[in-house]
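Trainee: Could you show me how to read the surroundings of a bound ligand?

Mentor: Gladly, let us look at an example together.

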Amino acid sequence: VKRLVLVLGDQLSKPLSALRAADKDTDLIVMAEVADEAGYAPHHPKKIALVLSAMRHFAAELEQDGWQVAYTRLDDPEASTSIVGAVMRRAQEHCTTTVIATAPGEWRLHRALEAAPLSMTLLPDDRFVCSLDAFNAWAEGRKELRMEYFYREMRRKTGLMMEGDKPAGGKWNYDHDNRKPASGDMLRPAPMQFTPDEITEEVLNLVETRFGDNFGALRPFHFAVTRAQALRALDHFATTLLAGFGDYQDAMLQDDKFLHHSLLSPYLNIGLLNPVEICQRVVEEWKAGRVPINAAEGFIRQVIGWREYVRGIYFREGPDYTARNALGHDRDLPALYWGAETGMNCLSHAVAQTRDEAYAHHIQRLMVTGNFALLAGVDPAQVHEWYLAVYADAFEWVEAPNTLGMSQFADGGIIASKPYVSSGNYIAKMSDYCGSCAYSVKDKTRPKACPFNLLYWDFLIRHRDRFKGNPRMGQMYHTWDRMDEDRKQAVLDGAAEVLSRLDAGEAV
Ligand code: FAD
Ligand code: SF4
């Protein structure tokens, strides 16, 4: 063996830069299931099972393609607990210290690999539209890094939905058409599900034994674990669900966990699908006249816009990004995030669905669980750890900027120009949660008042000095100032009561 080629659990792509640089005849591929990776956060059992099963399937495919693969299973008695340890073990066995790898998607592993006593070459991860150098060049000298402008660059770069140098249809962004609440639809297709094969069953048993106590239901397990399956999931989404994607992107329904969302993020993030190919598939449907322009544009904006943009921010801002706490929030994450009882129907549904599926769609993450944590002043590091643990698509480069930046304003406004906070009225408008809630979104005082309403004002008042000058928030301060004093006091007293119940570990 001349060199080792390290392939990580979220690098399951045959065109990976490390594989392109490798030689089938003389190099050895190293893949390892290690306890440190499975345990650096209390990952949802479904997430661990997805990654391990997809790794085992990918290793088998590589062997079929003629590669030599040294694969270590988690229950191998010789298994090292860390990635570096696993590589060192193979290096000793094969008397080589030369290793090539594609750069990992998080600082923690990046640093560990660079510090290893090996001759390590880290190649850029080019499974993205925008390289990190290109992102930095775009960001350089700009006062504000707004996603919308970045997205237009990505449209030009990929040529997706472009007519010459103009956006198809004349507008870059059709979000205006995308804010419709949804109603129950018995005929709405469900996302594609896959029956576990023998390899997956073996992984499920292992995960049950080792991680059965982690938050989250392991079974039933329906994720795609191979590229072929992920392509079928993509096709199913494009032909059945995509048409309603734009219209109902921000909608929430208590009896419909998935609505028109694609559920493709786990497959993209572990490398089974490529972002450009999924956008091309979506654009094909629009070109054929089968889906409206707002659906196709809305979808590709999430993938070549938001997804690429947050990755650029994560690497540009550096390893300390996850420790930021611009608003000085320090409350412990309430127990309801781990399934403790709550009368708040929206939160109870979002958390239950997270436990069962390792999935919640964007508006649930942003405007229900994220919004509540921000309003309640929860320590952003704890919020970050929760999101990193509970979602099957959670990898730090994409999770951290979404959680700390977009959702918690912990980066002081690099990603969001104002905090994503709202009262219960937004949830009432976009969902059907409020109708069967113990609280009332119309009541203004305890005990019935919706906690979101109380905490919303409390948040704005606590942070008045910081936000009063924000042009998009001035109106809210104006509304508060015009309220009569008794009402203001009742709201602040109600908020204080909710917060003290949270601190005492009591149900809200
Ligand atoms: P769809 O609604 O079908 O969207 C299509 C695709 O667009 C997704 O598959 C995803 O790849 C991409 N996308 C959409 N929004 C974003 C976004 N804001 N950032 C990056 N990509 C996006 N996404 C993750 O992939 N991993 C995470 O760990 C993650 N954590 C999040 C934490 C918070 C607090 C918030 C508010 C959002 C987070 N997101 C994360 C973004 C988004 O919620 C998910 O990508 C999306 O819900 C995945 O479901 P889907 O595939 O059905 O998405
Ligand atoms: Fe959520 Fe408030 Fe509506 Fe209850 S009333 S579901 S707590 S927004």
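Mentor: Start with the make-up of the shell around ligand 1: 13 nonpolar, 11 polar and 4 charged residues. Here Ala, Val, Leu, Ile, Met, Phe, Trp, Tyr, Cys and Pro count as nonpolar, Asp, Glu, Lys and Arg as charged, and the others, Gly among them, as polar. This is a predicted model, where local features need pLDDT of at least 70 and side-chain atom pairs count only at pLDDT 80 or more, while totals for chains, interfaces and linings use all residues. Residues are numbered from 1 along each chain as its sequence is written, and chains are lettered from A and ligands numbered from 1 in the order in which they are written.

Trainee: Which residues come nearest to ligand 1?

Mentor: A residue is near a molecule if its C-beta atom, placed from the backbone, lies within 6 Å of it. Of the 28 residues around ligand 1, the nearest are His-261, Ser-262, Ser-265, Gln-302 and Glu-399.

Trainee: Why does ligand 1 lie between two domains?

Mentor: Domain bounds come from an automatic or database domain assignment. Ligand 1 lies between domain 2 (132-196 + 224-316) and domain 3 (335-503) because both give residues to its shell.

Trainee: And what is the class make-up of the shell around ligand 2?

Mentor: That shell has 12 nonpolar, 2 polar and no charged residues. Cys-346, Gly-424, Cys-434, Cys-437 and Cys-450 come nearest among its 14 residues.

Trainee: Which helix gives the most to the shell around ligand 2?

Mentor: Helices are DSSP runs (H or I, at least four residues), numbered from the N terminus. H17 gives the most, with 3 residues.

Note on methods: Helices (H or I, at least four residues) and strands (E, at least two) are DSSP runs, numbered from the N terminus.
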